[in-house]
Amino acid sequence: MRYTSLSSGSEGNALVVEAGPKDQPFRLMIDCGLALSEVESRLAERGLLASDLDLLVVTHEHKDHVAGVPRLARAHNLPVVATRGTLAALGEAFWMGVRRLQVLPGQDLQIDSVRLTPLAVPHDAAEPICVRIQDRSQAMACLTDLGRTTDYLRQALSDLDAIFLEFNHDREMLMTGPYPPSLRERVGGGWGHINNEQAAEFLTQIFQPRLQLVTAAHLSQKNNTPELVEQTLSRLALGRCRWTIASQATGTPWLELEQ
Ligand SMILES: [Zn+2]
Ligand SMILES: [Zn+2]
């Protein structure tokens, strides 16, 4: 399995995961908050065409996750998977001409040898999910946009090889930064985004020897820095696990899991 972020943060998100057999991988995009031209050029930099994608999963209706969804889906006849709440929140006009597949949180979607599991997350959207992806040999999860971690997530994500995990803000920076109190409360509250310490705590809770790769994602450009995330991650005892940070400007290169 391997993955690459095209961009990560409140200005736009898109993650591509390749799972299944190497000679015939299943290619999944999770969220698309970028313009079509931007998606196509960033995919090209990574050796892919948009027409190589097999499926687009939308985690929730916030603009940074969906802005580019209809154009990408229509241009490449790409089926889109989302929960009923997310589909409804965006409205019929948004989905015009897009092939849609409704999923229930907790219910697996099996496509050849790849199993996708949408999992409910606490976030201020209609019916938001994170996604667990499993093939014959490995499992990873994309977990961004959550206000707090839950026992349900700890249980469902206790056997991962890799995780793409939100490190949204530094608590101190959020509290003393430029946001007005209402936005501060929204972001820092249980239905907003998790901070560096919450992400670190979650990592130590789900850590087991199989976990080999962590990508810190969805960093706030106003209330966090890659240096603070780095400091947080380097304090953790994560065995042989490698970690990287996804950026808004360039995402990440391809990150390959070892067999
Ligand atoms: Zn977001
Ligand atoms: Zn969101």
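In this predicted model, the side chains of Asn-196 and Asn-224 are joined by a polar contact of 2.9 Å. Asn-196 belongs to helix H8, which covers residues 196-206. With a relative accessibility of 3%, Asn-196 counts as buried, because the cut-off for that class is under 20%. Apart from neighbours within four places in sequence, the contacts of Asn-196 include Phe-167, Asn-168, His-169 and Asp-170, and also Asn-224, Leu-228, Val-229 and Thr-232.

One of these partners, Asn-168, leads on to the largest pocket, where Asn-168 is among the residues nearest the centre. Ser-10, Tyr-179, His-193 and His-218 are also named among those nearest the centre, and the lining comprises 19 residues. The volume of this pocket is about 290 Å³. Helix H7 (residues 181-188) gives the most to the lining, with 3 residues.

His-218 in turn leads to the metal ions, since its NE2 atom is a donor to the zinc ion (ligand 1). The other donors to this ion are Asp-64 (OD), His-65 (NE2) and Asp-145 (OD), and the distances run from 2.1 to 2.3 Å. Along the chain, the donor residues show the spacing D-H-x79-D-x72-H. The 4 donor atoms subtend angles of 89 to 160 degrees, so the arrangement around the zinc ion (ligand 1) is irregular. His-65 lies in helix H2 (residues 63-66), while Asp-145 sits in the loop between strand S10 (139-143) and helix H5 (151-156); the pair therefore ties together parts that are 80 residues apart in sequence. Both His-65 and Asp-145 are buried.

A second site holds the zinc ion (ligand 2), whose protein donors are His-60 (NE2), His-62 (ND1), His-123 (NE2) and Asp-145 (OD), at 2.2 to 2.3 Å. In sequence these donors are spaced H-x1-H-x60-H-x21-D. The site of the zinc ion (ligand 2) is irregular, with angles of 91 to 168 degrees among its 4 donor atoms. Here too, distant parts of the chain are linked: His-60 is in the loop between strand S4 (55-57) and H2, and Asp-145 is in the loop between S10 and H5, 85 residues apart. His-60 counts as buried because its relative accessibility is 1%, and Asp-145 counts as buried at 2%.

The two sites meet at Asp-145, which bridges the zinc ion (ligand 2) and the zinc ion (ligand 1). These two ions lie 3.6 Å apart.

Note on methods. Residues are numbered from 1 along each chain as its sequence is written. Chains are lettered from A and ligands numbered from 1 in the order in which they are written. This is a predicted model: local features need pLDDT of at least 70, side-chain atom pairs count only at pLDDT 80 or more; totals for chains, interfaces and linings use all residues. Side-chain values use heavy atoms; hydrogens and water are left out. Helices (H or I, at least four residues) and strands (E, at least two) are DSSP runs, numbered from the N terminus. Buried means under 20% relative accessible area, exposed over 50%, partly exposed in between (1.4 Å probe, protein chains only). A polar contact is a pair of N or O atoms within 3.5 Å; within protein, one must be able to donate a hydrogen and the other to accept it, and residues adjacent in sequence count only if both atoms are side-chain atoms. Contact means heavy atoms within 4.5 Å. Donors are N, O and S atoms within 2.8 Å of the metal (3.2 Å for Na, K and Ca); water is not among the atoms, so sites may look incomplete. Four donors count as tetrahedral if all angles lie between 85 and 135 degrees; four count as square planar and six as octahedral if opposite donors are over 155 degrees apart and all others between 65 and 115; anything else is irregular. On a 1 Å grid over the protein atoms alone, a cavity is a set of points where a 1.4 Å probe fits but cannot get out, and a pocket is an open set with protein on both sides within 12 Å along at least five of seven lines; lining residues have an atom within 4 Å of a point. Grid points are joined across faces, edges and corners, and a volume is the space filled by probe spheres set on the points.
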